Amino acid sequence: MDIQQFNSDVVEKLCKRQIIDSDPAIMTGAPVFIGTRVPLQTLFDYIEGEDGLSEFSGDFPHLQIPALQVLETIARVTIERSSGPHRS
């Protein structure tokens, strides 16, 4: 998944929950995990890889909870969209 195509609703919620931040002075504004220089894109790259979240957690143990919060936020937005207004 390319972060450039990532849904702005999700990014907004992640920023509001203080999981990620986007600051032009840090990594040229790429969304990063708060307090780090680890881009959110890195999580997606790992997930797309062979070992996925397990390898990400091993390489960035301090980001285990934030990574799960990212996945939780994506799931919530997806559920909200799929359970939108029901038509009879």
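Trainee: Okay, so buried means under 20% relative accessible area, and exposed means over 50%. Going by that, are F56 and F60 buried or exposed?

Mentor: Both F56 and F60 are buried. Keep in mind that what you have on screen is a predicted model.

Trainee: Got it. How much of the protein counts as buried?

Mentor: Of its 88 residues, 33% count as buried. The accessible surface comes to about 5900 Å², and carbon and sulfur atoms account for 52% of that surface.

Trainee: Let me back up. How many helices and strands are there?

Mentor: You'll find four helices and two strands. Going from the N terminus, the order is α-β-β-α-α-α.

Trainee: And how much of the contact is between residues a long way apart in the sequence, say 24 or more positions?

Mentor: Among contacts with a separation of 6 or more, 45% are between residues 24 or more positions apart.

Trainee: Can you show me one pair like that in space? Where should I look for L14 and I74?

Mentor: Start with L14, which lies in helix α1. In sequence, I74 is 60 residues from L14, yet their C-alpha atoms are 9.2 Å apart. L14 is also buried, with a relative accessible area of 0%.

Trainee: Speaking of L14, which residues touch the most other members of the largest nonpolar core?

Mentor: L14 is one of them, along with F33, L40, L43, F56 and V70. That core has 16 residues. The elements giving two or more residues to the core are α1 (8–16), α2 (40–48) and α4 (64–82).

Trainee: Which of those gives the most?

Mentor: That's α2, with four residues.

Trainee: So what is buried in α2?

Mentor: L40, Q41, T42, L43, F44 and Y46 are. Their cover includes α1, β1 (20–21), β2 (32–33), α3 (52–59) and α4.

Trainee: Pick one for me. What does L43 touch?

Mentor: Leaving out residues up to four places away in sequence, L43 touches F33, L53, F56, A67 and V70.

Trainee: I47 is in α2 as well, but you left I47 out of the buried list. Why?

Mentor: Because I47 has 36% relative accessibility, I47 counts as partly exposed. With residues up to four places away set aside, I47 touches G52 and L71.

Trainee: New topic: rings. How many aromatic pairs does a search of the whole structure find?

Mentor: Four of them. One is Y46 with F56, an edge-to-face pair, with 5.4 Å from centre to centre and 80° between the planes.

Trainee: Why does that pair tie together separate parts?

Mentor: Y46 lies in helix α2 and F56 lies in helix α3, so the pair ties together parts that are 10 residues apart in sequence. Y46 and F56 are both buried, too.

Trainee: And what sort of pair do F56 and F60 form?

Mentor: A tilted one, at 5.0 Å centre to centre with 40° between the planes. If you follow the ring pairs, they link F33, Y46, F56 and F60 into a cluster.

Trainee: F56 keeps coming up. Which residues of α3 meet α4?

Mentor: F56 does, together with L53 and S57. On the α4 side they meet Q64, A67, L68 and L71. By class, that contact has five nonpolar residues, two polar ones and no charged ones.

Trainee: How do people describe two packed helices?

Mentor: By the angle between the axes and the distance between the axes. For α3 and α4, the angle is about 145° and the axes are 9 Å apart.

Trainee: Last thing, the loops. What is the phi of Q18?

Mentor: Near 55°, which is a positive value in a residue other than glycine. Q18 sits in the loop between α1 and β1.

Trainee: Is Q18 buried or exposed?

Mentor: Exposed: the relative accessible area of Q18 is 62%, and the cut-off for exposed is over 50%.

Trainee: What about T28, what's its phi?

Mentor: T28 isn't a glycine either, and has a positive phi of about 50°. You'll find T28 in the loop between β1 and β2, and at 77% relative accessibility T28 counts as exposed.

Conventions: Residues are numbered from 1 along each chain as its sequence is written. This is a predicted model: local features need pLDDT of at least 70, side-chain atom pairs count only at pLDDT 80 or more; totals for chains, interfaces and linings use all residues. Side-chain values use heavy atoms; hydrogens and water are left out. A nonpolar core is a set of buried Ala, Val, Leu, Ile, Met, Phe, Trp, Tyr and Cys residues joined through side-chain atoms within 4.5 Å. Buried means under 20% relative accessible area, exposed over 50%, partly exposed in between (1.4 Å probe, protein chains only). Contact means heavy atoms within 4.5 Å. Accessible areas come from the Shrake-Rupley method with a 1.4 Å probe; for residues, only the protein chains shown count as cover. Axes are lines fitted to C-alpha atoms, for helices over the stretch in contact, and angles run from 0 to 180 degrees between N-to-C directions. Ala, Val, Leu, Ile, Met, Phe, Trp, Tyr, Cys and Pro count as nonpolar, Asp, Glu, Lys and Arg as charged, and the others, Gly among them, as polar. Rings of Phe, Tyr and Trp (its six-membered ring) pair if their centres lie within 6.5 Å; planes under 30 degrees apart count as stacked, over 60 as edge-to-face and the rest as tilted.
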